[in-house]
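Colleague: Could you take a close look at the largest cavity of this model for me, and then set it against the sheets and helices around it? I would like one connected account that I can follow with the structure open beside me.

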Amino acid sequence: MRRCRPGRPLPAFLRATVIAGALSALALAVACSKQPGGDAPPANKRLVVGFSQIGAESGWRTANTKSIKDEAEKRGVDLRFSDAQGDQENQVRALRSFIQQQVDVIAVAPKTEEGWQEVLEEAQRAGIPVILTDRLVRVDDDSLYVTFIGSDFVEEGRRAGQWLADQTGGTAVIAELQGTPGAAPTIDRKKGFEEIVARHPGMTIVKSQSGNFERSKGKEVCEAFMRSPEGPQITALYAHNDDMALGAIQAIAAAGRRPGEDVLVVSIDGVRDAFQAMLDGTLNCTVECNPLLGPQLFDTIEAVRRGERVPKRILTTEGVYDRSQVTAETLASRQY
Ligand code: AHR
């Protein structure tokens, strides 16, 4: 093996040139590998993260909150958690308070798509990176957030529609329970489902209304569907989440129809109660939407803090469960 031998010292002017060259190469390397706004923190500093959650409207949301809190605790992160109790104004206030507290990173699950421009600009001016989790926002400039971690809601809607088309040979009179008006999953799950319906002339949506992603509201709205003139013709119920479907199942049964048989029920999330309903035979299918985003969220936050570039969109992997595949073991193995 050849060894480097100490040679003659370089003349002063050459030494200066070599040092300047090395410094600019180093600066270039750092600039290329760093995310704007992310300066690596001192190794011993505890990471402070402000997280604004929408509320506790569904089993999905409760599992999502638990996943994020558990992961923060596991990693020793100082998590400043704020529950907006279903009110987006509270979320905006929480973000302003995180900015004032000078947290290292802000994470937010935005209730609806609109209304975020101003407060995200404030966070950017304060140099605090913002990560969107679960739901996307609509802003003029996507540099206002670092990345969006969550599901492909349009695809979930397509999967629900495709399942129904396959089961019915493309013939169904459908009632739809939408999520919160203006929320990304509501808009996208409707869009994806309608794409499939549009390909099947025998599938029609005769009723469509918001149940706000809540079980009680889903029941109430479905009771009205069943009482309506179209009620007796309805052969399928599509709910934008499991909780509303579970409420609707009660309403369908109370109207003297058999949920899962006379009225097929398909929904989205894959929470444990939905698996129980599939075992009971009242829910036909759930399209998975994974709420266990904690590990992915903190991996991303830590990467951002190290100054690494992260993809603008981080997707979660999910499946579709038909009741014919569900056993007591499947139910027991569900994590949420
Ligand atoms: O944004 C995800 C949706 O929000 C879930 O499907 C729903 O259950 C929740 O409330």
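Modeller: Helix 2 (59-75) and helix 6 (184-198) each supply at least two residues of the lining of the largest cavity, and what follows is read from a predicted model. The lining is made up of 13 residues, and those that lie nearest the centre of the cavity are Trp60, Arg61, Arg135, Arg189 and Asp269. Sorted by class, the lining has 6 charged, 5 nonpolar and 2 polar residues. The space in this largest cavity comes to about 90 Å³, and the count of cavities of 30 Å³ or more is 1. Domain 1 (48-151 + 291-305) and domain 2 (153-289 + 321-333) both give residues to the lining, so the largest cavity lies between the two domains. As general background, rolling a probe the size of a water molecule over the atoms shows where empty space is left.

Turning from the cavity to the sheets, one of them is an open sheet of 6 strands in the order 2-1-3-4-5-11, with parallel pairing. Its edge strands, each pairing on one side only, are strand 2 (78-83) and strand 11 (313-315). On average, neighbouring strands of this sheet are turned by 20° against each other, direction ignored. Strand 1 (residues 48-53) runs parallel to strand 2 and is joined to it by 6 bridges; Ser52, for its part, has Ser82 in strand 2 as its bridge partner. Two helices can be followed across these strands: helix 3 (residues 88-100) lies across strand 1, strand 2 and strand 3 (105-108), at about 170° to strand 1, while helix 10 (residues 294-305) lies across strand 1, strand 2, strand 3, strand 4 (130-133), strand 5 (147-150) and strand 11, at about 165° to strand 4.

Another open sheet, also of 6 strands, has the order 7-6-8-9-10-12, and here the pairing is mixed. Strand 7 (203-210) and strand 12 (320-322) are the edge strands, each of which pairs on one side only. From one strand to the next, the twist averages 15°. Within this sheet, strand 6 (residues 172-178) and strand 8 (residues 236-239) run parallel and are joined by 4 bridges, and Ala175 has Leu237 in strand 8 as its bridge partner. Helix 5 (residues 153-168) packs on the sheet, where it touches strand 6, strand 7, strand 8, strand 9 (264-269), strand 10 (285-288) and strand 12, and its direction makes about 160° with that of strand 9. Helix 8 (residues 242-254), in turn, lies across strand 6, strand 8, strand 9 and strand 10, and runs at about 160° to strand 9.

Note on methods. Residues numbered from 1 in each chain as written. Predicted model: local features only at pLDDT ≥ 70, side-chain atom pairs only at ≥ 80, totals over all residues. Heavy atoms only, no water. 1 Å grid on protein atoms, 1.4 Å probe; cavity = no way out; pocket = protein on both sides within 12 Å on 5 of 7 lines; lining within 4 Å. Points joined across faces, edges and corners; volume = space filled by probe spheres on them. Nonpolar A, V, L, I, M, F, W, Y, C, P; charged D, E, K, R; others polar. Domains from an automatic or database assignment. Pairing = 2+ DSSP bridges. Axes fitted to C-alpha atoms, helices over the stretch in contact; angles between N-to-C directions. Contact = heavy atoms within 4.5 Å.
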